[in-house]
Amino acid sequence: TSGSGALRARVRGCCAFRSTGGRGGARRVWFETLDTSRLRVGKALDFAVLGPLRVTGPQGPVELKAPKQRALLAVLLLGYRDESVSAGRLIDELWGDRPPATAAKAVQVHLSKLRSALGPEQPIVTRPSGYAIRLEPEQLDLARFEALSERARAARRDGDLPAAAGF
């Protein structure tokens, strides 16, 4: 069926395409059909911040025992996914108004141990301005949720309520 708002889906591997008609003519929109949290490409890590903080690697769950390591990773994942954060800002986030005298060294130690726990494919990078975490969007459950939410909002704006409900 063709025409404004018509939906055609063809599954190609793990993805589906829908064609919609509109003012500008037909357009083709890609949307995800599989739960990417279960996909692993090579040695990629998967991070979950919706609910308890979890890290999963190719060999299974990665255990982060130290509370400051978990807090450090959470700060990097939640607030600084695409930007660097200074050591001073990490100190503020981890200890608030009462950091220990050795806080700068402690941040370096926690980062080193976190990198070791995450393994050779760990995504934490050091930049002149501080530290950052470099991830593909499909490696973080929050990013997957945001992408699916945006796709549902777009489908709703297009009047395609069944597709919106499917996301």
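## Ala 104 and helix H3

Ala 104 is partly exposed, with a relative accessible area of 45%. In this predicted model, Ala 104 belongs to helix H3, which spans residues 103-118. Gly 88 lies 16 residues away from Ala 104 in sequence, and the C-alpha atoms of the two residues are 7.6 Å apart in space.

## Overall architecture

The protein contains five helices and eight strands. Along the sequence these elements follow the pattern β-β-β-β-β-β-α-α-α-β-β-α-α.

Of the 167 residues in the protein, 35% are buried. Among the contacts between residues at least 6 apart in sequence, 43% join residues at least 24 apart.

## Packing of H1 against H2

Two packed helices are described by the angle between their axes and the distance between the axes. For helix H1 (residues 67-79) and helix H2 (residues 87-95), the axes come within 10 Å and cross at roughly 120°. This angle makes H1 oblique to H2, and the crossing in which H1 passes H2 is right-handed.

On the H1 side, the contact is made by Lys 68, Ala 71, Leu 72, Val 75 and Leu 76. H2 contributes Leu 90, Glu 93, Leu 94 and Trp 95. By class, the residues of this contact of H1 with H2 comprise seven nonpolar and two charged residues, with no polar ones.

## Packing of H1 against H3

H1 also packs with H3, at an angle of about 85° and with the axes 9 Å apart. The two helices are therefore roughly perpendicular to each other, since angles of 65 to 115 degrees are counted in that class.

The H1 residues in this contact are Lys 68, Gln 69, Leu 72, Leu 73 and Leu 76. Their counterparts in H3 are His 110, Leu 111, Lys 113 and Leu 114. The contact of H1 with H3 divides into five nonpolar, two polar and two charged residues. Lys 68, Leu 72 and Leu 76 of H1 take part both in the contact with H2 and in the contact with H3.

## The three-stranded sheet

Strands S4, S5 and S6 form an open sheet of three strands in the order S4-S5-S6, with antiparallel pairing. Strand S4 (46-48) and strand S6 (60-61) stand at the edges with a single partner strand each, so one side of each has no neighbour in the sheet.

S4 pairs with strand S5 (residues 54-57) in the antiparallel sense over three bridges, and Ala 48 stands opposite Arg 54 in S5. These two strands form a hairpin with five residues between them, and Gly 51 in the turn has a positive phi of about 100°. On the other side of the pairing scheme, S5 and S6 run antiparallel and are joined by two bridges. Thr 56 stands opposite Pro 61 in S6. S5 and S6 likewise form a hairpin, with two residues between them.

## Side-chain alternation in S5

Which residues of S5 point to one face and are buried, and which point to the other and are not? Val 55 and Gly 57 point to one face and are buried. Arg 54 and Thr 56 point to the other face and are not buried. Both of these latter residues also appear in the bridge pattern: Arg 54 opposite Ala 48, and Thr 56 opposite Pro 61.

## The S7-S8 hairpin

Strand S7 (residues 124-127) and strand S8 (residues 130-133) run antiparallel and are joined by four bridges. Within this pairing, Ile 124 has Ile 133 in S8 as its bridge partner. The hairpin that joins S7 to S8 passes through two residues.

## Arg 156 in helix H4

Arg 156 is placed in helix H4, which covers residues 141-157. Is the residue buried or exposed? Arg 156 is exposed, with a relative accessible area of 62%, because a value over 50% counts as exposed. Leaving aside residues up to four places away in sequence, Arg 156 touches Leu 161 and Ala 164.

Definitions and conventions:
Residues are numbered from 1 along each chain as its sequence is written. This is a predicted model: local features need pLDDT of at least 70, side-chain atom pairs count only at pLDDT 80 or more; totals for chains, interfaces and linings use all residues. Side-chain values use heavy atoms; hydrogens and water are left out. Axes are lines fitted to C-alpha atoms, for helices over the stretch in contact, and angles run from 0 to 180 degrees between N-to-C directions. Angles under 35 degrees count as roughly parallel, over 145 as roughly antiparallel, 65 to 115 as roughly perpendicular and the rest as oblique. A crossing is left-handed if the near helix is turned anticlockwise from the far one by less than a right angle, and right-handed if clockwise. Contact means heavy atoms within 4.5 Å. Ala, Val, Leu, Ile, Met, Phe, Trp, Tyr, Cys and Pro count as nonpolar, Asp, Glu, Lys and Arg as charged, and the others, Gly among them, as polar. Two strands pair if DSSP finds at least two bridges between them. Buried means under 20% relative accessible area, exposed over 50%, partly exposed in between (1.4 Å probe, protein chains only).
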